[in-house]
Amino acid sequence: MATRPETVARVGGAGERILRGHRRFALLPFLGPAFIACIAYIDPGNFATNIAAGSKFGYTLLWVIVASNLMAMLIQTLSAKLGIATGRNLPEVCRARFSHRTTMGLWIQAEVIAMATDLAEFLGAALGFNLLLGIPLFPAAVLTGVCAFGILWLQRFGFRPLEATIAVIIGVIGGCYVAELFMAKPPVGPVLHGALVPGFSGQESLLLAVGILGATVMPHVIYLHSALLQDRILPESDEQAKRLYRFTRIDVMIAMSIAGLINMAMLIMAATTFHDNGLTNVASIQTAYQTLTPILGAAAATIFALALVFSGLSSSAVGTLSGQIIMQGFTGWSIPLWVRRLATMAPAFIVIALGLNPTRTLVLSQVILSFGIPFALIPLVVFTSRRDIMGVLRNHRGTTVAASIVAAVIVLLNLFLILQTFGLL
């Protein structure tokens, strides 16, 4: 079994006793990893996309979020299962199965993707502080850095406090959007129709739907989720491994369902507040914040900015952890976590110092992220379908077929998104 990365800590204890039958059924010891992974699905990039979709097309594209979330559940479950079955994370399995040259190539692209992702998340948190406190972006970025270090510092007490902190942050973001929906009072009928009935409203809505679906799976949390499970709780037999996997699926379903509901709430809020009031061109986070005050009041705008701050801080911390897993898994090297945090903060400060548009930078970072999708997704599907790697947790044939279709759809949509962004379509 591979050496455990320093960014991952075992929980063991109660969970292992439950697997052995020494304790009564309890779910709590198995919850946590998926909550850390799911924070990537409610990062600042999602804010921008969901606001644009809701303001422009109302509730029409709600079903796209539902479909995206179902795809994400499958992919994150496979990532977690790889960690349970092999005791290794996805980068480590790649290093063991591929040539040195291929592994180094995968590492370099994964590092670029991780940095682009962290840039978006760090900028989002800084933008939230900028809106919430009314301070310039540069001191807002400094404050973001201090808070991000604080979240990562929790890991010195073990991984469980970090999991609990992320879960609380997800709860805060969800609570913020419950409050927003309470203020906006969306109509139930159109919401249910938009969520359950697929449809479009012209070619532009199709392109935006492709953008939402194309950014479904985040490469860095595919890598990370496998690491979070690789030796967190150690099964001692095939039966225990299968039982642990069943608990893990519940963890993924709960966490990803919450993330999906929060994304839906973002779009519903934008549709009710902006689209239903004739404001169909609210395309940036700053415009959304400024427009909320005259429509729903200052409290709604404050809650929106608060949710953005928590989203950016938590997803940025998770991005830093992912970067550490990527380096250590692909190369066997490691650097102190605080050094990586400093390095990944630098691009955001450069963007702010140059006066570049934060929302535009968020969008471009998502395009860069799209390049990394196939390099994480395809190996994951291949590895989890092989008995010599997965043992009793090898995918069933139906799972492999479904995962292959999902992978193909996501890769093609990301390719379409990239070509469309650069005006090649």
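Helices are DSSP runs of H or I at least four residues in length, and they are numbered from the N terminus. In the predicted model described here, Ile368 belongs to helix α16. The relative accessible area of Ile368 is 36%, so this residue is partly exposed. Ile368 also contributes to a nonpolar patch on the surface, together with Ile108, Val112, Phe371 and Phe422. The area of this patch is about 480 Å². Two elements, α6 (100-133) and α16 (358-371), each supply two or more residues to the patch.

Ahead of α16, the loop between α15 and α16 holds Leu356. With a relative accessibility of 43%, Leu356 is likewise classed as partly exposed. The C-alpha atoms of Leu356 and Ala307 are separated by 23 Å in space, while the two residues stand 49 positions apart in sequence.

Helix α6 was next examined in relation to other helices. Two packed helices are described by the angle between their axes and the distance between the axes. For α6 and α15, the angle is about 60° and the axes are 9 Å apart. Angles from 35 to 65 degrees fall outside the parallel and perpendicular classes and count as oblique; α6 and α15 are therefore oblique to each other. The crossing of α6 past α15 is right-handed. For α6 and helix α7, which spans residues 137-153, the axes come within 8 Å and the crossing angle is roughly 120°. The relation between α6 and α7 is therefore also oblique, and their crossing is right-handed.

The pair α6 and α15 is further connected through charged side chains. Asp118 and Arg341 form a salt bridge in which the closest N and O atoms are 2.6 Å apart. Because Asp118 lies in helix α6 and Arg341 in helix α15 (residues 337-353), this salt bridge ties together parts that are 223 residues apart in sequence. Asp118 has a relative accessible area of 0% and is therefore buried. Arg341 is buried as well, with a relative accessible area of 0%. The cut-off behind this assignment is a relative accessible area under 20%.

In total, the model contains 7 salt bridges. One of them joins the side chains of Arg246 and Glu239, with an N to O distance of 4.0 Å. A salt bridge is counted when a side-chain nitrogen of Lys or Arg lies within 4 Å of a carboxyl oxygen of Asp or Glu. Both partners of this pair can be placed by their accessibility. Arg246 has a relative accessible area of 39% and is partly exposed, and Glu239, at 47%, is assigned to the partly exposed class too.

A further salt bridge is formed by the side chains of Arg386 and Asp388, where N and O are 2.7 Å apart. Arg386 has a relative accessibility of 31% and therefore counts as partly exposed. This pair does not stand alone, since Arg97, Arg386 and Asp388 are linked in a network of salt bridges.

Methods: Residues numbered from 1 in each chain as written. Predicted model: local features only at pLDDT ≥ 70, side-chain atom pairs only at ≥ 80, totals over all residues. Heavy atoms only, no water. Patch = residues over 30% accessible without salt bridge, like charges linked within 9 Å, V, L, I, M, F, W, Y side chains within 5 Å. Areas by Shrake-Rupley, 256 points an atom, 1.4 Å probe, with all protein chains shown as cover. Buried < 20%, exposed > 50% of the residue type's maximum accessible area, 1.4 Å probe, protein only. Axes fitted to C-alpha atoms, helices over the stretch in contact; angles between N-to-C directions. Parallel < 35°, antiparallel > 145°, perpendicular 65-115°, else oblique. Left-handed = near helix turned anticlockwise from the far one by under 90°.
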